[in-house]
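Here is a walk through a two-chain model for someone meeting it for the first time. Take a look at the picture, then read on.

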Amino acid sequence: MMGAEEQQQQQTLKLDSDSLSSNSFSTYKSTFTSLSSDSHHPLSDPLFSPPSPQSLPPPSYSDIVISPLHTESHELNESNGDDTENAKNNAIQQPELRVSESPIEYLKISVSKPQKEVEASNSIVPGGNKYFTYLITSTTNILEHGGSEFVVRRRFKDVVTLSDRLSEVYRGYFIPSRPDKSVVESQVMQKQEFVEQRRVALEKYLRRLAGHPVIRKSDELRVFLQVQGKLPLPTSTDVASRMLDGAVNLPKQLFGDSSSVIAPQEAVQPAKGGRDLLRIFKELKQSVSNDWGGSKRQVEDDDKEFVEKKERLNVLEVQLGNASQQAEALVKAQQDMGETMGELGLAFLKLMKFENQEASYNTQRARAADMKNVATATVKASRLYRELNAQTVKHLDMLHEYMGLMLAVHAAFSDRSSALLTVQTLLTELSSLHARAEKLETASSKIFGGDKSRKGEELKEAIKVTEDAKSCAIRQYERIKENNRSEMERLDKERKADFINMLKGFVVNQVTYSEKIGNEWAKIAEETSGYAKESG
Amino acid sequence: MLNMQQRSIGGGSSQSPRSPQSFQLYLSVSVTEPAKMGTGVQAYISYKVITKTNLPEYQGAEKIVIRRYSDFVWLRDRLFEKFKGIFIPPLPEKSTVEKFRFSAEFIEMRRQALDIFVNRIASHHELQQSEDLRTFLQADEQTMERARSQETGIFKKPSDFMQIFKDVQSKVSDVVLGKEKPVEESNPEYEKLKHYIFELENHLAEAQKHAYRLVKRHRELGQSLSDFGKAVKLLGDCEGEALGKAFSELGAKSEILAIKLQKEAHHLLMNFEEPLKDYVRAVQSIKGTMAERANAFRQQCELTETVKLKEIDLNKLRLMRSEKLLDAEHDYEELKAECEETTRKFENIVRLMGEEIVRFQEQKTIDMGLAFHEFAKGQAHLANSIADAWRSLLPKLEACSSS
């Protein structure tokens, strides 16, 4: 059923998703041109070596944590010997032993074949708006998806919709952030470049989603990956129109005509983005009184553990940012080194050619011969530096990945605080409703008869509804707290594993290439050693 | 680098540097101990020049004098004047950037270049006999200063000389490019040599430029590795436990390697880039000698022309039996002698240059061979250090991941 090309993609899918689902080495299409030749390099990152043809089902993300260590440990045991090159080759060819948990989940996604399409001409612009769609191919064994292979065409707007809906539904989770809309770039860049850049970004994003143990089973993602034609999720413009409805309702709410009570089902949603503007104002008022009151109401404080962890994550974020920056500078310096080496080698080659052409004396030819060897070695070294760098980028990219994840962490924490705010607002509301009910009681007890029943009834109703809403909000808040907690745990565990891998990959890479470069130069030093003795 | 301190005197240009000096006369010089003298704008660097010799023309076995850069320039100017046809060893450039003038690196580069300069003179079979060299190596500071200031009549400052030198250079280029219409040697072999020298300078200059950049790259890589190490260490403090330790170790290694990179940058500068620079200067010096040759040729041609014309005049006078004949004959004889002198000078230059070019080519093969060797050695050493340092981390990282 799948063509040869798609099978090829499948292969790459496997590799890339392996790497992605562990949040480690993403297929980082950097500016380094040598990247394309890296896959042929026998000693490049071992994780990129294809597994044996009749592979075991690709591991889940938690497996990746263990298996690369296995592969690497094979290498490392042998690398301490003399014949590092051969040892590593052997390690790669061995079938990889993987500790498997059952069942092993996977969801592999690839984004390809961007295509220009024209919007239906109900727009003002004659000829219709042009936009790009991308082919999204996915393979999975996740039961909830109800199938194993899916192909669908989506545009960027659909991705925005998916992202927005996910953040509404999965509050408290660390949801990877979607690629930017980058309006400016789309105008400035060349069309092909921009589309390619976007394709890469989309693929990365979807793979990160697939790497999240909860999100990958979500209906939203499933529907995105499977349903042909229009994406059956409410778009953000729909959401915006809710706001307009809300604005329409507001005067009624204020004058008491329409219900100003927060319904339970709404209590589980954040106030922002909803249609209830009054609620937004109430919560704003609540947050102000919180701040003025000084103390955060009850619940926040008792989770000292959370506060501590949050602090630690903040500090970590700062250091990650710093390390990420320095990693970029390091990569640039390595790149420059390789480039200048190359230029030096070429200059010597030119000089060598010149001397050979113009030679009147044998000594000139001898010099030209020396120069040729040196120049060749210099050019080789230059190439090796560039390869080293391409690999370094792949490894250190992990720092950038986790930097990006911090955004998701902040979003999850703000889900928590807005849920808490909702709870607090409802509590305040409740207490003011009770206060009004009491007043009514005392007032009505003084007046015999009087038309108080309607107001009383209304209040009783409002109190009941608000109680329900409060319960819902509290439940939601607790859920979000638990999500935060489990996500932080997952983050710590995965981060530790990923970073250890990153360090190992980085170090092994440096060792491999430094050895090769050293060997090249040792040869030349040997060949020219005669000159050293002469002048001594 | 070039250990020419024990070069022996005597023998021709083809003498191997290995000849034992036990039975030979020797002249060995070293330029050492740069010291900053004076303050402010007037400040300069002085060098100790130590001469060890058993030559009879020199006073005593060992002599130490203090010299500054302009003294070296004086010596070079004098040699250039007196030894036309010989490739005078080049001097390091005057520093134009103020703040760089007293940097340790610049001073060391200059000292090395000056040391090589004097030793090349001392081991050149013609130049070593120069009286100016003896003055330079022995005279007390006041005499030296007087000699230096006497030159201000002709060459005011070293920079002036450089300017004239450049004029000569551009004049030679003009000549080669055929801009002027002066008299030119019609010597195809020499033409080839001129072309070779001019093109060689371009190629060498480019190689030297990239060599210098490579030095900078080493420094930059060292710096960024050091910064990376620090950042990684801080990250390690955040993480704590096994991972934190791993980060710390990585950071520590990075900082160690950063130092090695800086060291190699310096080694590369002194033992690879400087020799290349020296090569470029040498080629420029040859261009100066070529200019002198062109001058000498032009003079010779002009005088030859003048003599011919004078002869015609003389014959006219003879026919007319003028009383001016005697004076004219006298003038003619003088002129003829001058012309012969000029011709002899020119031919001497041609002869010397012929020998010099052979010597130059051979020397340069040796010099470059050594420079390449140092380059390769340094790079191999650096790469191995890097590999060793990183390799030592692997067992620790392995332990981290299994815990």
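Helix H2(B) is largely enclosed by the rest of the structure, because 17 of its 19 residues are buried. This is a predicted model, by the way, so everything here is computed from predicted atoms. From its first C-alpha to its last, H2(B) reaches 27 Å, close to the 27 Å expected at 1.5 Å a residue. One residue to look up in this helix, which covers residues 104-122 of chain B, is B:Asn119. With a relative accessibility of just 2%, B:Asn119 counts as buried, because the cut-off for that is under 20%. The side chain of B:Asn119 has a polar atom 3.0 Å from the backbone oxygen of B:Val29.

**The two chains**

How are the elements of chain B ordered from the N terminus on? They run β-β-β-α-α-α-α-α-α-α-α, which fits the count of eight helices and three strands. Chain A has three strands too, along with 16 helices.

Here are the two chains side by side.

| Chain | Residues | Buried residues | Contacts joining residues at least 24 apart, among those at least 6 apart in sequence |
|---|---|---|---|
| Chain A | 536 residues | 49% | 78% |
| Chain B | 403 residues | 50% | 71% |

**Where the chains meet**

Now for the interface. On one side, 71 residues of chain A are in contact with 65 residues of chain B. The area buried between chain A and chain B comes to about 6,200 Å², and carbon and sulfur atoms give 72% of it. Which residues of chain A lose the most area to chain B? They are A:Phe354, A:Arg367 and A:Leu503, and together they account for 10% of what that side buries.

There are charged and polar links as well. The rule finds seven salt bridges across the interface of chain A and chain B. One pairing of this kind is between A:Lys350 and B:Glu206, where the closest N and O atoms are 3.4 Å apart. Across the same interface of chain A and chain B, 15 residue pairs are in polar contact, with both residues at pLDDT 80 or more.

Several helices of chain A give two or more residues to the side that touches chain B: H3 (61-79), H13 (304-358), H14 (362-446), H15 (453-527) and H16 (529-535). H13(A) supplies the largest share, with 26 residues. Sorted by class, this side of chain A has 39 nonpolar, 18 polar and 14 charged residues.

**A helix in chain A**

Back inside chain A, have a look at helix H7, residues 191-210. H7(A) has 20 residues and reaches 28 Å between its first and last C-alpha, close to the 28 Å expected at 1.5 Å a residue. Its buried residues include A:Phe194, A:Val195, A:Leu202, A:Tyr205 and A:Leu206. Some residues with charged side chains are on that list too, among them A:Arg198, A:Arg199, A:Glu203 and A:Arg207. A general point helps when you look along a helix: an α-helix has 3.6 residues a turn, so residues three or four places apart point the same way.

A:Arg207 is placed in helix H7 of chain A. Is A:Arg207 buried or exposed? It counts as buried, at 4% relative accessibility. A:Arg207 is 59 residues from A:Ser148 in sequence, and their C-alpha atoms are 16 Å apart in space.

**Two backbone oddities**

Most residues other than glycine have a negative phi. Against that background, A:Lys113 has a positive phi, near 50°. A:Lys113 lies in strand E1 of chain A, residues 107-118, and is partly exposed, with a relative accessible area of 35%.

In chain B, B:Glu241 also has a positive phi, near 55°. B:Glu241 is in helix H7 of chain B, residues 241-320. At a relative accessible area of 63%, B:Glu241 is exposed.

**One last pair in chain B**

B:Ser401 is found in helix H8 of chain B, which covers residues 325-402. Its relative accessible area is 17%, so B:Ser401 is buried. How far apart are the C-alpha atoms of B:Ser401 and B:Leu243? They are separated by 8.5 Å, although the two residues are 158 residues apart along the chain.

Methods:
Residues are numbered from 1 along each chain as its sequence is written. Chains are lettered from A and ligands numbered from 1 in the order in which they are written. This is a predicted model: local features need pLDDT of at least 70, side-chain atom pairs count only at pLDDT 80 or more; totals for chains, interfaces and linings use all residues. Side-chain values use heavy atoms; hydrogens and water are left out. Contact means heavy atoms within 4.5 Å. Buried area is the accessible area (1.4 Å probe) that two parts lose on being put together, summed over both. A salt bridge is a side-chain nitrogen of Lys or Arg within 4 Å of a carboxyl oxygen of Asp or Glu. A polar contact is a pair of N or O atoms within 3.5 Å; within protein, one must be able to donate a hydrogen and the other to accept it, and residues adjacent in sequence count only if both atoms are side-chain atoms. Helices (H or I, at least four residues) and strands (E, at least two) are DSSP runs, numbered from the N terminus. Ala, Val, Leu, Ile, Met, Phe, Trp, Tyr, Cys and Pro count as nonpolar, Asp, Glu, Lys and Arg as charged, and the others, Gly among them, as polar. The expected span of a helix is 1.5 Å times one less than its number of residues. Buried means under 20% relative accessible area, exposed over 50%, partly exposed in between (1.4 Å probe, protein chains only).
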